[in-house]
Amino acid sequence: MISSILVANRGEIACRVFRTAQAMGLSTVAVYSEADEGAPHVRMADQAVLIGPAAARESYLVGEKIIDAALATGADAIHPGYGFLSENAEFAEAVVAAGLTWIGPPPAAIRAMGLKDAAKSLMANAGVPVTPGYLGEDQSPARLQAEADKIGYPVLIKAVAGGGGKGMRKVDSAEAFAAALTSCQREAAASFGDNRVLLETYVTRPRHIEVQVFGDSQGQVVHLYERDCSLQRRHQKVIEEAPAPGMSAQARAAVTQAAVRAAQAVGYVGAGTVEFIADASEGLQPDRIWFMEMNTRLQVEHPVTEAVTGVDLVEWQIRVAAGEPLPLAQEDIELSGHAMEARLYAENPSAGFLPSIGPLEHFKLPEDLVRVDTGVEEGGEVSPFYDPMIAKLIAHAATREGASDLLAQACSEVEVWPVKTNAGFLARCLDHPDFIAGDVDTGFIEARIEALAAQPAPSEHALASAAMAVTLDEEDAPADPWDGLTGFRLNAAPAASMRLYLGDQGFDAPLYCDDVPGDVLLTDDGEVVVFDAGETFVLTLRPPLKDAAHGGGGDGAIASPMPGKVVAVSVSVGDKVVRGQALLTLEAMKMEHALSAPFDGEVESLSVSVGDQVSEGVTLARLVTT
């Protein structure tokens with residue numbers, strides 16, 4: 001019997017678990033770091049316990065503090081969410097040893113599936129098809145290079161203990177292997193404390209297909225059909241959907257049965273996801289789908305499965321953890337319609353998807369259109385300490401086209417300021433003709449990245465809204481009502497416009513006297529912030545002043561785009577470099593970000609070393625032209 005649940009997590013997933021727990025009449029306990037004091041998940045819970053400083057390694061990753069918080073508040077169960085300690089077998093064992101209920105799979109199952117090489121061997125023995133590659137114990141660079149040469153390029157390097165796209169590199173040639181291996185091992189060690197890797201053949205047109213499975217303590221295992229998570233960037237999922245487009249009955253039977261066998265092989269209990277890679281060069285064929293890994297937890301994208309099956313997966317987790325049998329048998333689980341989820345990240349697609357941090361002065365999501373799962377709110381802040389995902393938008397409709405249209409509309413209506421988001425990028429992905437046709441694979445975004453990531457020009461309606469906001473604001477309107485207006489004509493209809501600037505690019509914004517603007521923000525700095533098609537445009541009445549000292553261009557200073565830790569310095573003072581060459585690597589928000597040379601030149605100075613913590617805007621290096 002479970003009466004009180006502590007969620008060993010934060011943000012969106014903590015809020016998600018609390019909603020179901022409270023609907024079931026259970027009391028809830030939140031844990032939080034100093035950075036999350038006052039966060040929505042803290043206020044949502046019946047009780048909340050401070051567990052340490054902002055850094056996850058001193059708070060959310062300290063199992064002892066979390067168990068102590070559960071015991072002190074009278075919680076009798078712990079739900080790990082996803083990320084942090086959710087797939088840590090030692091933590092699961094410690095929870096059980098403390099007399100608490102672990103809302104997750106048995107520690108043995110977590111351990112069996114936690115290392116990708118051992119899991120693939122186990123699956124092969126269970127009759128589950130696995131991707132060809134190298135799983136050996138010899139981790140010397142020379143042996144790994146030799147095995148990669150034998151497999152053939154492109155080859156995929158994957159961290160043995162990895163997940164979430166971290167510790168993974170695609171290598172296109174033998175010459176690039178050593179550098180990619182070093183970077184992959186460094187990221188794996190930082191993220192998982194284990195730098196071991198495995199190698200896999202890289203499927204040229206891969207589709208990422210995964211199956212939601214569920215087991216109970218009575219030995220029953222069912223699947224809740226498949227999801228397609230092929231739209232990815234840097235191996236991070238961006239848009240997920242269920243069911244998978246183009247999935248035949250034969251292919252579905254093959255992949256779901258393989259997933260159930262995988263779960264049965266480890267005595268699985270609770271919610272899990274078995275991930276497969278499919279060769280989509282000739283459509284989804286039953287014999288061209290291979291096991292990749294199993295995630296022994298709830299997935300970020302679980303809402304699309306909930307939408308098409310009508311099942312609350314968190315409720316199932318709680319009931320199964322309490323010893324109850326699965327609520328439904330396999331034959332009672334049916335698919336209904338189509339669902340899609342888009343991950344809203346705090347990042348800037350037009351600047352290489354750099355994470356964006358800071359206060360959420362304006363935060364408006366389309367909750368009237370789609371299901372919105374979030375753990376932040378207006379007036380809150382996106383910190384540099386955790387994952388940059390700030391919300392999930394989930395659409396459900398009778399058809400795939402209907403779900404895609406609804407989700408694209410929802411992404412277009414996102415309004416966030418001054419933190420930047422990928423909402424416009426998501427809308428363009430969903431509106432792309434190839435995506436609409438279901439012609440997707442994991443290289444979809446990379447092949448179209450320039451068009452999808454580039455910020456478009458503001459529309460005429462957005463410009464008109466901005467101009468109207470300026471003229472209607474008495475304090476910010478020009479002293480002369482005709483200043484900036486053009487097109488006045490005697491004895492004719494007016495054709496007035498206002499000159500507005502986006503950076504140094506000028507636009508003639510039409511004035512529609514009968515069109516009252518929607519959410520347009522006027523800042524204290526004289527900027528006009530307007531939202532359009534998921535993008536946020538910052539317009540001014542005058543172009544920016546050029547920096548005479550630097551000619552308006554870069555002066556060779558390589559500045560930190562965000563707070564972070566320097567994990568690699570690839571050059572020395574005096575080195576000759578070429579445009580695009582990696583100079584330093586920064587780790588922030590759980591990812592590595594390479595800083596590259598903006599032009600051909602020479603390294604004049606370096607002001608940081610590996611291990612240094614840096615603030616946003618700090619000059620890390622300086623180049624001079626030669």
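Guide: A residue is called buried when its relative accessible area is under 20%, and exposed when that area is over 50%. The model here is predicted.

Visitor: Why is F276 called buried?

Guide: The relative accessible area of F276 is 1%. The limit is 20%, and F276 falls under it, so the residue counts as buried. F291, at 0%, is buried too.

Visitor: How many aromatic pairs are there in the whole structure?

Guide: A search of the whole structure gives nine.

Visitor: What makes F276 and F291 an edge-to-face pair?

Guide: Their ring centres are 6.5 Å apart and the planes meet at 85°. Centres within 6.5 Å make a pair, and planes over 60 degrees apart make it edge-to-face, so both conditions hold.

Visitor: Which strands does this pair link?

Guide: F276 is in strand β13 (residues 270–279) and F291 is in strand β14 (residues 289–295), with their positions 15 residues apart in the count, so to speak: they are 15 residues apart.

Visitor: Why is the pair of F435 and F444 edge-to-face?

Guide: The ring centres are 6.4 Å apart and the planes stand at 70°, which is over 60 degrees, so the name applies. F435 and F444 are both buried.

Visitor: How do you know that R400 lies over the face of F435?

Guide: R400 is 4.6 Å from the ring centre of F435, and the distance limit for a charge over a ring is 6 Å. F444 has a charge over its ring as well: the charged end of R448 is 4.0 Å from the centre.

Visitor: Which residues do ring pairs link into a cluster?

Guide: Y60, F84, F385 and Y386.

Visitor: Why is C429 called buried?

Guide: Its relative accessibility is 0%, and the limit is 20%, so C429 counts as buried. C15 is also buried, at 4%.

Visitor: How do you know that C429 is in no disulfide?

Guide: The nearest cysteine sulfur belongs to C411 and is 9.1 Å away from that of C429. A disulfide needs sulfur atoms within 2.5 Å, so C429 has no partner. The count of disulfides comes to zero.

Visitor: How do you know that the span of helix α9 is close to the expected one?

Guide: Helix α9 (residues 249–265) has 17 residues and reaches 24 Å from its first C-alpha to its last. At 1.5 Å a residue the expected span is 24 Å.

Visitor: Which residues of α9 are buried, and what do they pack against?

Guide: The buried residues of α9 include A251, R252, V255, A259 and A263. The elements that the buried residues pack against include α5 (107–114), α6 (116–125), β13 and β14. Just after α9, G267 takes a positive phi of about 60°.

Visitor: Why is strand β12 described as largely enclosed?

Guide: Strand β12 (residues 236–242) has seven residues and seven of them are buried, so the rest of the structure largely encloses the strand.

Visitor: What makes β11 and β12 a pair of strands?

Guide: Four bridges join β11 to β12, which run antiparallel. At least two bridges are needed, so β11 and β12 pair. One of the bridges sets L231 against I239 in β12. The hairpin of β11 and β12 has two residues between the strands, and R234 there takes a positive phi near 55°.

Visitor: How many bridges join β12 to strand β15?

Guide: Four, in the antiparallel sense, with β15 covering residues 338–345. I239 stands opposite A342 in β15.

Visitor: Why are β20 and β22 called edge strands?

Guide: Three strands form an open antiparallel sheet in the order β20-β18-β22. The strands β20 (381–382) and β22 (415–418) each pair on one side only. Strand β18 (residues 358–364) and β20 pair over two bridges, and the bridge partner of P359 in β20 is E381.

Visitor: Why is M24 called partly exposed?

Guide: M24 has a relative accessible area of 27%, which lies between 20% and 50%, so it is partly exposed. M24 lies in the loop between α1 (11–23) and β2 (27–33). Beyond its neighbours within four places in sequence, M24 is in contact with E315, I318 and R319. M24 and I318 are 294 residues apart in sequence, but their C-alpha atoms are 9.6 Å apart in space.

Visitor: What makes H593 a buried residue?

Guide: Its relative accessible area is 8%, under the limit of 20%, so H593 is buried. H593 is in strand β33 (residues 591–596). Apart from neighbours within four places in sequence, its contacts include R234, L354, M562 and L586.

Notes: Residues are numbered from 1 along each chain as its sequence is written. This is a predicted model: local features need pLDDT of at least 70, side-chain atom pairs count only at pLDDT 80 or more; totals for chains, interfaces and linings use all residues. Side-chain values use heavy atoms; hydrogens and water are left out. Buried means under 20% relative accessible area, exposed over 50%, partly exposed in between (1.4 Å probe, protein chains only). Contact means heavy atoms within 4.5 Å. Rings of Phe, Tyr and Trp (its six-membered ring) pair if their centres lie within 6.5 Å; planes under 30 degrees apart count as stacked, over 60 as edge-to-face and the rest as tilted. A charge sits over a ring if NZ of Lys or CZ of Arg is within 6 Å of the ring centre and within 35 degrees of the ring normal. The expected span of a helix is 1.5 Å times one less than its number of residues.
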